[in-house]
Amino acid sequence: MKSKLRSTVRKIEYHRKESFYLIIRGLEVGIFSGLVAVFYRYLITFSEEKLMDVLDIIKGNPIKITVWFLILVCIGIAVALINRFIPFVAGSGIPQISGEIKGYINPQWWKVMIGKFIGGGLSVFGGLSLGREGPSVQLGGMAAKGIAKITKADKTTELRMISCGAGAGMAAAFNAPLAGTMFVLEEIHHSFDKSVLCMGIVATITADFISKLFFGQSTTFNYDTVNFPLRYYWLLIILGVILGVSGICYNIIMVKAQDIYKKIKFVPNYIKLPIIFVISGVVGLFLPQILCGGHQMVHLIMTQRPTLYALSVLLVGKFLFGVISFACGAPGGTLYPLCVLGTYIGAIFGQISINALDLGPEFYEEFVVIGMAGLFSSIVRAPITSIVLVYELTGNMNNILPLATVSLISYATANLIGVSPFYESLVEKIASSQETSPQFSKAGEKIIKTYTVPIGSPVSNKEIKEIEWGKHCLVVTIERDGESITPKGETIIKEGDELTILVSQRRFSRDAEKLEKLIGG
């Protein structure tokens, strides 16, 4: 009895110390990742404002237009050089963070940060249809990695800090701390890790607080929500299916466009990228609304309510220009631009429904924000994150049920069709790339991974000794109903168990992937 009591006391003391440690680390991550994301947000906003000033100055003046196009060519060459010497800054940065968490890559954090700031600022100043949110995720993760390196954290803590830094970057970019936490768990880890959750909540709330100190507390979408009539929920089912199919088309076209761009090897990138920036210059002369991340398009849709024709033109234009901007690999995000596409699909569907069914005009904004959540859910395949994100962007819970309905239907539609989620497809490219190298090389130090056994898992109701874990993996503890179990060969794994597994650093990427498939099925 006394030994059991002492064991319980030791467990309580351990969890107290661990929780305190995770909170301190979360504060460190939140402060530094939040400040980095805030600085990047200022940089991108400044770049976008200066771009609009330039377009006003050159309007109707052939000489100034020619000079601007020469500047765009120089910007294209500069971005191509950045991508060549710091390859992991290309694109949004979210796949790179996922790839590092899975052990596929190990970029130098300070190089990525420098390259992302310069390349991202130049890309937005050049007008490419790229946002700040994806890069903020990568910058937040790299800032956290820098803190981990400076403080000589162990590899398990470093990976947790990178994950939470990514969530903090998203929280600061969107002013959405809960969505940042859910994004890490649902999109990056694909599992419920209590340690990451604890550290992540602290980090995202801290980063959000810092962001609000600089940018205020107003939400991105300010409007008065209305209760969506239950008799019209069939409209939401149709919209969910449309958004699900649209998300699949988006994933296929974007990934295919990137493959086509890379296959044009007879033209070097320092020539291809300037051509893309010249195209951006042409777009800026005729349709400047679709440049950059899309914040102008959101302001337009929420304040002026464009006609169906204008909505359609802007939607198609933003999508096509977004495909070109993403395919070239310029540093910049796709997260917010895809949200903008969702708002326009929702607006078009909403206008048609309002006109056909004589609904009140107050339902227009509902369709706009619901469209954003639905497309995010189908493209990223993260329905909970999409619901929480839109809730935090609007600051209103009255539309939670319509949001959930459309998000889950679009998610189910996309899953039924079977195309891989957008960011997972990009992570797979990183994993299969010959340019990547093993992330970890230390043979001695182990990495702690935590997995929750889902319902129907292949390992459930089996003894530990019956399962091929791999000779470099070791199950060290099992948490079941709040109790810690010391695993033995005869211990039976049950659904809902939380497994703590030690994985060798040298084989981390392969073993972690194997464990995910083994436990998750």
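1. Helix α12, in this predicted model, covers residues 308-327, and its 20 residues reach 28 Å from the first C-alpha to the last, close to the 28 Å expected at 1.5 Å a residue. Eleven places need not be memorised, but it is worth finding some of the buried residues of α12 on the structure, among them Leu311, Leu314, Leu315, Phe321, Val323 and Phe326. The buried set of α12 also includes Lys318, Gly317, Gly322 and Ser325. Just after the helix comes Gly329, whose phi is positive, near 80°.

2. Which helices do the buried residues of α12 pack against? They pack against α9 (233-263), α10 (269-286), α11 (295-303), α13 (335-357), α14 (364-380) and α17 (422-432). One of these partners, α10, can be checked in the manner used for α12: its 18 residues should span 26 Å at 1.5 Å a residue, and its end C-alpha atoms are 26 Å apart, which agrees. The buried residues of α10 include Leu273, Ile276, Phe277 and Val283, together with Lys272, Pro274 and Ser280.

3. The largest nonpolar core has 128 residues, and within this core Leu338, Tyr344, Phe422, Trp469 and Ile501 touch the most other members. Helix α13 supplies the largest share of this core, with 12 residues. Apart from this core lies another, of 17 residues, which includes Leu22, Leu185, Val196 and Ala207. As background, nonpolar side chains tend to be buried together in soluble globular proteins.

4. Trp469 deserves a separate look, since a list of contacts shows where its surroundings come from in the sequence. When neighbours within four places in sequence are left aside, Trp469 is in contact with Ile464, Val475, Leu499, Ile501, Lys514, Leu515, Leu518 and Ile519. Two of these contacts, Val475 and Ile501, appear again in the next point, where Val475 stands opposite Ile501 in β6.

5. Is strand β6 (498-504) largely enclosed or largely open? Strand β6 is largely enclosed by the rest of the structure, because 6 of its 7 residues are buried. Strand β1 (residues 446-452) pairs with β6 in the antiparallel sense over 7 bridges, and β3 also runs antiparallel to β6, joined to it by 6 bridges. Ile501 in β6 is a useful marker for the reader, as Lys449 stands opposite this residue and Val475 does too.

6. A search of the whole structure finds 15 salt bridges, and a few of them repay individual reading. As a general matter, side chains of opposite charge can pair when their charged atoms come close. Arg480 and Asp497 meet in a salt bridge, with 2.7 Å from N to O. Arg480 lies in strand β3 (residues 473-480), whereas Asp497 lies in the loop between β5 (492-493) and β6, so the pair ties together parts that are 17 residues apart in sequence. Both of these charged residues, Arg480 and Asp497, are buried.

7. Other salt bridges have other settings. Glu28 and Arg25 meet through their side chains at 2.8 Å, N to O, and, being 3 residues apart in helix α1 (residues 2-58), they are separated by about one helical turn. That spacing can be understood from the general rule that an α-helix has 3.6 residues a turn, so residues three or four places apart point the same way. Glu28 counts as partly exposed at 23% relative accessibility, while Arg25 counts as buried at 8%. Lys465 and Glu463 also form a salt bridge, with their closest N and O atoms 3.8 Å apart; Lys465 counts as exposed at 55% relative accessibility, and Glu463 is partly exposed, with a relative accessible area of 22%. Elsewhere, Lys149, Lys155 and Glu158 are linked in a network of salt bridges.

8. Why does Cys249 form no bond with the closest cysteine sulfur? The closest cysteine sulfur, in Cys339, is 18 Å from the sulfur of Cys249, which is too far for a bond. Cys339 in turn has its closest cysteine sulfur in Cys292, at 16 Å, and this is also too far for a bond. The structure accordingly holds 0 disulfides. Cys249 is partly exposed, with a relative accessible area of 40%, whereas Cys339 counts as buried at 1% relative accessibility.

Notes. Residues numbered from 1 in each chain as written. Predicted model: local features only at pLDDT ≥ 70, side-chain atom pairs only at ≥ 80, totals over all residues. Heavy atoms only, no water. Helix = DSSP H or I, 4+ residues; strand = E, 2+ residues; numbered from the N terminus. Expected span 1.5 Å × (residues − 1). Buried < 20%, exposed > 50% of the residue type's maximum accessible area, 1.4 Å probe, protein only. Contact = heavy atoms within 4.5 Å. Core = buried A, V, L, I, M, F, W, Y, C linked by side-chain atoms within 4.5 Å. Salt bridge = Lys/Arg side-chain N within 4 Å of Asp/Glu carboxyl O. Pairing = 2+ DSSP bridges. Disulfide = S-S within 2.5 Å.
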